Amino acid sequence: MTRNQKIVYIALLAAQAVVLSLVERSIPFPFAFAPGAKLGIANLITIVAIFTLPLKDSFTVVWMRLIMATLLGGTLSTFMYSSAGALLSYAGMLTVKQLGPKRVSIIGISATGGILHNVGQLAVASWISQTWTVMLYLPVLSFMGILSGIAIGIAANYLMTHVRTLKDFQNHTQQLDKKKRRNTTYVNS
């Protein structure tokens with residue numbers, strides 16, 4: 001993969017995430033018993049980025065999505081909530097991914113991201129309101145995060161197994177990771 005191909009791929013993923021984020025914003029809250037709960041459709045692209053790009057590049061996709069979605073229809077408060085949720089979710093998904101595919105599937109990684117996204121947003125809400133009682137809403141949002149995480153994980157799993165381009169990028173990223181590990185082993189020896 002050339003440098004230009006990688007740049008175009010990152011830009012395409014970020015653009016897709018922004019579009020999905022804007023589409024999701026236009027959908028009314030689907031869950032009456034959990035106000036503020038969303039499906040997190042844009043996290044589909046985050047998962048694809050995590051599995052098909054190196055760490056730095058997948059992080060670029062997440063940040064580009066956050067900034068562009070805020071500029072195209074958000075406010076400072078939505079940026080704060082989205083950033084906290086997205087960064088905590090991203091870090092958690094990367095951590096769980098390190099356990100390996102034999103222990104945790106893409107669906108499990110996505111569900112982890114769904115829960116942690118809600119934790120991040122409620123942490124910001126607690127900070128803004130200066131009270132931790134906002135966290136009492138966490139069980140309801142966690143349930144919704146698990147359900148949406150499973151749905152997004154199923155969609156990501158389908159894409160990763162059926163879209164050839166994603167498979168190619170995933171294989172390329174895995175080869176780079178193996179090469180880095182080999183080089184690190186030789187340096188440490």
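Contact here means heavy atoms within 4.5 Å. Keep that cut-off handy for these exercises, and remember that the model is predicted.

**Exercise 1. Find out where Ser-126 sits, whether it is buried or exposed, and what it touches.**

Step 1: Place the residue. Ser-126 belongs to helix H5, which covers residues 106-129.

Step 2: Check its accessibility. The relative accessible area of Ser-126 is 4%, and the cut-off for buried is under 20%, so Ser-126 counts as buried.

Step 3: List the partners. Leaving out residues up to four places away in sequence, Ser-126 is in contact with Thr-131, Trp-132, Val-134 and Met-135.

**Exercise 2. Describe Gln-130 and the packing of the two helices on either side of its loop.**

Step 1: Start with the loop. Gln-130 is in the stretch between H5 and H6.

Step 2: Look at the backbone. Gln-130 has a phi near 60 degrees, which is a positive value in a residue other than glycine.

Step 3: Turn to accessibility. Gln-130 comes out at 65%, and exposed means over 50%, so Gln-130 is exposed.

Step 4: Now the helices. H5 packs against H6 (residues 138-162) with the axes 6 Å apart and an angle of about 145 degrees. Their crossing is right-handed. Sorted by class, the contact of H5 with H6 contains 14 nonpolar and 8 polar residues, and no charged ones.

**Exercise 3. Work out how Leu-20 fits into H1, and which H1 residues are buried.**

Step 1: Get the helix geometry. H1 has 24 residues and spans 35 Å from first to last C-alpha, close to the 34 Å expected at 1.5 Å a residue.

Step 2: Pick out the buried positions. In H1 they are Tyr-9, Ile-10, Leu-13, Ala-14, Ala-17, Val-18, Ser-21 and Glu-24.

Step 3: Classify Leu-20. This residue lies in H1 (residues 3-26), and its relative accessibility of 23% makes it partly exposed.

Step 4: Add its neighbours. Beyond residues up to four places away in sequence, Leu-20 touches Ile-41, Ala-42 and Ile-45.

**Exercise 4. Say which residues have the most contacts inside the largest nonpolar core, and which helix gives the most to this core.**

Step 1: Name the residues. Within this core of 28 residues, Tyr-9, Leu-13, Ile-47, Phe-51, Leu-53 and Val-61 have the most contacts.

Step 2: Trace the sources. H1, H2 (43-52), H3 (55-71), H4 (76-97), H5, H6 and H7 (164-188) each supply at least two residues. H2 gives the most, with 7 residues.

Step 3: Zoom in on Ile-47. Not counting residues up to four places away in sequence, Ile-47 touches Met-93, Ile-106, Ser-110, Ile-152 and Ala-156.

Technical notes: Residues are numbered from 1 along each chain as its sequence is written. This is a predicted model: local features need pLDDT of at least 70, side-chain atom pairs count only at pLDDT 80 or more; totals for chains, interfaces and linings use all residues. Side-chain values use heavy atoms; hydrogens and water are left out. Helices (H or I, at least four residues) and strands (E, at least two) are DSSP runs, numbered from the N terminus. Buried means under 20% relative accessible area, exposed over 50%, partly exposed in between (1.4 Å probe, protein chains only). The expected span of a helix is 1.5 Å times one less than its number of residues. Axes are lines fitted to C-alpha atoms, for helices over the stretch in contact, and angles run from 0 to 180 degrees between N-to-C directions. A crossing is left-handed if the near helix is turned anticlockwise from the far one by less than a right angle, and right-handed if clockwise. Ala, Val, Leu, Ile, Met, Phe, Trp, Tyr, Cys and Pro count as nonpolar, Asp, Glu, Lys and Arg as charged, and the others, Gly among them, as polar. A nonpolar core is a set of buried Ala, Val, Leu, Ile, Met, Phe, Trp, Tyr and Cys residues joined through side-chain atoms within 4.5 Å.
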